[in-house]
Amino acid sequence: MNRRNFLKALALGLGAIPFRASAFGETSKLVIVQGRYAGEFRPRPNALRRLAFEIGARTSIAAVPEEKVLPLDSPELFRFPFLYLAGAGELPALSQAEIENLRRYLTYGGFVLCDDAGDGRFASSCERELARVLPGRPAGRVPADHVLYKSFYLVDRPAGRTLARPYLSGVIEGTRLAVVISGNDLGGAWARDELGSWEYEVTPGGETQRELAFRLGVNMAMYALCTDYKDDQVHLPFIMKRRR
Amino acid sequence: MDGLYDDWRIVSLSPWPVWLLAALFVLAALGVFLAARGLKRERRPSRRFLLLSLRTISMLAAIFVVAEPGVRLLQTARVRSRLAILVDGSASMQLPAGSRGTTRTAEAAAWLSKVAPNLAGLSAEHALEFYRFDGALTPIDEAAARSGVEADGEKTDLLGALRALAGSSGSGRKLAGAIVVSDGTDHEDLRGGVNGASRKALEALGFPVSTVAVGGGTVKDLAVESIAVEDFAFVRNTVEIKVAVTAAGIGDVDVPLVLRREGQPVSQQTVNVRGGEERYEATFSFVPDEIGEFVFTVSAPVYEGEAIEGNNARSFVLKVIRDRVRTLLVVGRPSWDQRFLRTLLKNDPNVDLISFFILRTPSDQPKAPDTDLSLIPFPVQEIFDTQLKSFDLVIFQNFAYRPYRLDAYLPNIRRYVEEGGAFAMLGGESSFGDGGYEMTPLGEILPVEPGGSAPTEELFPPRLTEAGVRHPITQLASGAEANQAAWARLPELPGINVTRAKPDARVLLDHPHFTVGGESAPVLAVREVGRGRTLALTTDSSWYWSIVASGQGGGTSRAYERFWSNAIRWLVRDPELTPVLVQAAQRSVEPGQAVAATVTARSSDYGPASGADLQISLVDAETQRILRAEHVAAGVDGTARVELGTPPPGAYKIEARATHEGKVLGSGQDVVAVRAASLERSDVKARPDLLREIASVTGGGFVQASSGGLPDLALAPPEVVEVGRAKDRPIWDRFWPLAVLGCALAGEWILRRRWGYA
């Protein structure tokens, strides 16, 4: 066996790592928290549970497929650095306490995913409110070569239940993308009911597009945890080869 | 003329002011002019000439009468100007003048004796002054100059000496010129020849400098003339050392040059010396694999009959530092603990981070072909075999080795640490006993060992132990109380890997109520292993000290940053965290100069160890023999300064060991190189060309001493000055100027009447 094959075997075929009950609980695991605000804050109640399941099944991330909901002004939020903010309508103007809490959260390492489940008003109102949270840093388009699109899967475009917005927008904090705003109802593509059926039909791309939405969700979780790891020099030749 | 007076000049003795005399002169000229105009119609030239002559004579006579000219008799004298003779008294003058073996000083003395009559001839017009110069200018008497000056100066500063001469008052007498008798081996302002600033300085002297060159012959010698190397080098990066070798009179030989680090050969080069050339260059390159300060020596063999043997070796000190802390972070799975540590390391400009995260385990199903994934194989062999030694710090974060067949590489990691590396294991369900490290080579070097099953998850505040109160890693704030308060402010942590500390480990943080074998379970423990260090943090939640702490009423992530910065500095042995710091006053010492050092001792809480006992010794770096040992007490600031004598040329270590109240605080060392020979004593080559240039720039002359004559001194003649008496003698105050005036006027009047002009 040459070195390349051996490494391949390492990467692909070795036995499972034993998981054992431990005293560590959920603290270092990925819990995606649903942000609560005045209004319909949970348009896709089963979306996050499914995404967490998929993340756990597809990657080495230990994700907790349980619901966790926290208000935006909660100090508890800091224990869960991945916040999911969804809505089908307009995001109401945030209170001063919410703004200050979110500003601190984003400045010290928190990550927020805003998901528009409606007609685009939620995404634009999120951009408006986030401009109040991080003044002077308006949301901009996430470039196609951003590490978010290669943090686990090599993804070439954003997708969700719809393809309403062909791009993701985001807000940069320091060197890191701290907020990602999707206008394509990612949650709608992820949501699956208790009986195992997809709750919403994905249009226009069907199941391929749903898979793309999951891949994007996995990449976002991977980016939240590993940031620009896939931009490290060591990964470049491999990624370039596969993208060709 | 009176015998008292030796000079005279014509002067005006009139009491009238000069302007009045000038006006009179104009009137006289006008008188002549009017007369000439009045005679224009006179056709007979003889008459015209006669009348005009009479008018001119009368006008001149009038001027003479009014201006009262006289002779001023003067007594004068010539002032002797100074002629300075500067004789080189630097150590290079002890060297042979040529193959015959007489010294340069003797050659200079012989020349002075030979030209003594010529100099005596100059003394009528010039006062001769004799000086000896090296780095300074000292007056000497003529006899001392002629019998040979003492040549022991460690410097030759030609320009400095000439400047000092120009600045000397010389009782107000003018300096007519200088004669410099030297070999020209200047290592100060003129070391690069006469150019730019030094040319201007020479021109500004204002007197001609004539030069007499001694030591023009060939001297047999081989010398390591200079070494060009940076003051510091980066560990594991190639260092280039350029060595200049000069050879004269040793014939055609291949000279082996050896570079040694504190006695151990590092590299060798050969210089092919061929008759004609005098200067050769050799380049050594090597890769330092250890940080610290080291003395290196480049040496060449000594050939028979060399003028100087001490210049065949030259030492220098090289400080080998780390560029950045090259850190390998291996992570078993992406988690918040990894995310915050990576961000911190990545943003630290002092850290060069290489990370490997296991993003997918074999049980994970990405539902996509490999080509759709950005995953790369984990280059185990490359990291843990080939590259391992290139890292300053290796961190395993929640990483189990078995799935990646790392068993074979664990001994490498142990050896890497024992040889000076640093290793940290951070908690998680795949770390310590849970990661199967018990009874492995890696487990052996950890500060903790597995201690049983995990307790139920429960938040707990980690507690600073007695050792933790003082240890640099756990210093979040300066001062014990502020530090305790800083720890108390941090959020409580959930769950730990259950371990117990090894006997030689230091527990810095422990669990406040969970015990293992009667001892509190360690949360943070450190250990010295061979020449390296290890750290165990048995929690996977140190990230709570970052974002969670920031979320607590005005908190920040500063404690987290400080903790990790401290931990990394301690792990990689940051020199500033050394308990005993030894600093040589000078790393490169001239022969005969004292070796001195400052030793600073810090107590275990890293405050100044006032009154600590310091045992300081000077050790020969090659033989490890102690040459001198001092025993001193540190001052209030924990510092002491010691002098360690004047050791012979070579490489030395200054070692210090500090104890306080019977407890060993630690030890430290620095290095120092005593140069084999100063440049003054090692550079055998005379520089007549420089002397010739000095003469040419200043307008003086140049000769070789062997010619036995004086150079063209181009001295200005001495100044003449009045020294007192002067006497005025009127010369035109007799009656005849008036008579001439009267006759001329009368004659003109009579003739004008007769010829019908009146």
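**Figure 1. A positive phi angle follows helix H15 of chain B.** Arg573(B), just after H15(B), takes a positive phi of about 55 degrees. Please keep in mind for this and every other view that the model is predicted. The helix before this residue covers residues 558-571. Its 14 residues should span 20 Å at 1.5 Å a residue, and the end C-alpha atoms are 20 Å apart, so expectation and model agree. Which residues of H15(B) are buried? They are Ala559(B), Tyr560(B), Phe563(B), Trp564(B), Ala567(B), Ile568(B) and Leu571(B). Looking down the axis of H15(B), you will find these buried residues within an arc of 160 degrees, so they line one face of the helix. A reminder about helices helps here: an α-helix has 3.6 residues a turn, so residues three or four places apart point the same way.

**Figure 2. Chain B meets chain A.** Here 58 residues of chain B are in contact with 51 residues of chain A. To find your way around the chain B side, look for helix H8 (336-347), strand E17 (351-357), helix H9 (380-386) and helix H14 (547-550), the elements that each give two or more residues to it. Which element gives the most to this side? That is H8(B), with seven residues. Sorted by character, the residues of chain B that touch chain A come to 25 nonpolar, 20 polar and 13 charged.

**Figure 3. Six strands of chain B form an open sheet.** Follow the strands in the order E5-E4-E3-E6-E7-E36 and you will meet mixed pairing. Strand E5 (137-140) and strand E36 (702-704) of chain B stand at the edges; each has a single partner strand, so one side of each is left without a neighbour in the sheet. On average, and with direction ignored, neighbouring strands of this sheet are turned by 25 degrees against each other.

**Figure 4. Strand E6 of chain B pairs with E3(B) and with E7(B).** Strand E3 (residues 81-88) and strand E6 (residues 175-182) of chain B run parallel, paired over six bridges. Two residue pairs to look for are Arg82(B) opposite Leu175(B) and Ile85(B) opposite Ile179(B). E6(B) also pairs with E7(B) in the parallel sense, over five bridges, and there Ala178(B) stands opposite Val209(B). How many residues of E6(B) are buried? Eight of the eight are, so the strand is largely enclosed by the rest of the structure.

**Figure 5. Helices H3 and H6 of chain B pack on the sheet.** Staying with E3(B) and E6(B), which pair over six bridges, we now bring in the helices. Helix H3 (residues 104-114) of chain B touches E3, E6 and strand E7 (209-213), and its direction makes about 140 degrees with that of E6(B). Helix H6 (residues 158-167) of chain B touches E3, strand E4 (126-133), E5, E6 and E7. The direction of H6(B) makes about 155 degrees with that of E6(B).

**Figure 6. Three strands of chain B form an open, antiparallel sheet.** The strand order is E8-E10-E13. Strand E8 (221-228) and strand E13 (279-286) of chain B are the edge strands, each pairing on one side only. Neighbouring strands in this sheet are turned by 25 degrees against each other on average, direction ignored. For a closer look, E8(B) and strand E10 (residues 239-248) of chain B run antiparallel and are joined by seven bridges. Ala228(B) makes a handy landmark, standing opposite Lys242(B) in E10(B).

**Figure 7. Helix H2 lies among the seven helices and seven strands of chain A.** Along the sequence, this chain reads α-β-α-β-β-α-β-α-β-β-β-α-α-α. Of its 244 residues, 47% count as buried. Among contacts in chain A between residues at least 6 apart in sequence, 77% join residues at least 24 apart. Helix H2 (residues 47-58) of chain A has 12 residues, which at 1.5 Å a residue should span 16 Å; the end C-alpha atoms are 16 Å apart, which agrees. Its buried residues are Ala47(A), Leu48(A), Arg50(A), Leu51(A), Ala52(A), Glu54(A), Ile55(A) and Arg58(A). Where do the buried residues of H2(A) pack? They pack against strand E1 (32-36), strand E3 (82-87), helix H5 (186-190) and helix H6 (206-226) of chain A.

Note on methods: Residues are numbered from 1 along each chain as its sequence is written. Chains are lettered from A and ligands numbered from 1 in the order in which they are written. This is a predicted model: local features need pLDDT of at least 70, side-chain atom pairs count only at pLDDT 80 or more; totals for chains, interfaces and linings use all residues. Helices (H or I, at least four residues) and strands (E, at least two) are DSSP runs, numbered from the N terminus. A residue is buried if 20 or more other C-beta atoms lie within 10 Å of its own, exposed if 12 or fewer, and partly exposed in between; C-beta atoms are placed from the backbone. Two residues are in contact if their C-beta atoms, placed from the backbone, lie within 7 Å. The expected span of a helix is 1.5 Å times one less than its number of residues. The arc is that of the directions from the helix axis to the C-beta atoms. Ala, Val, Leu, Ile, Met, Phe, Trp, Tyr, Cys and Pro count as nonpolar, Asp, Glu, Lys and Arg as charged, and the others, Gly among them, as polar. Two strands pair if DSSP finds at least two bridges between them. Axes are lines fitted to C-alpha atoms, for helices over the stretch in contact, and angles run from 0 to 180 degrees between N-to-C directions.
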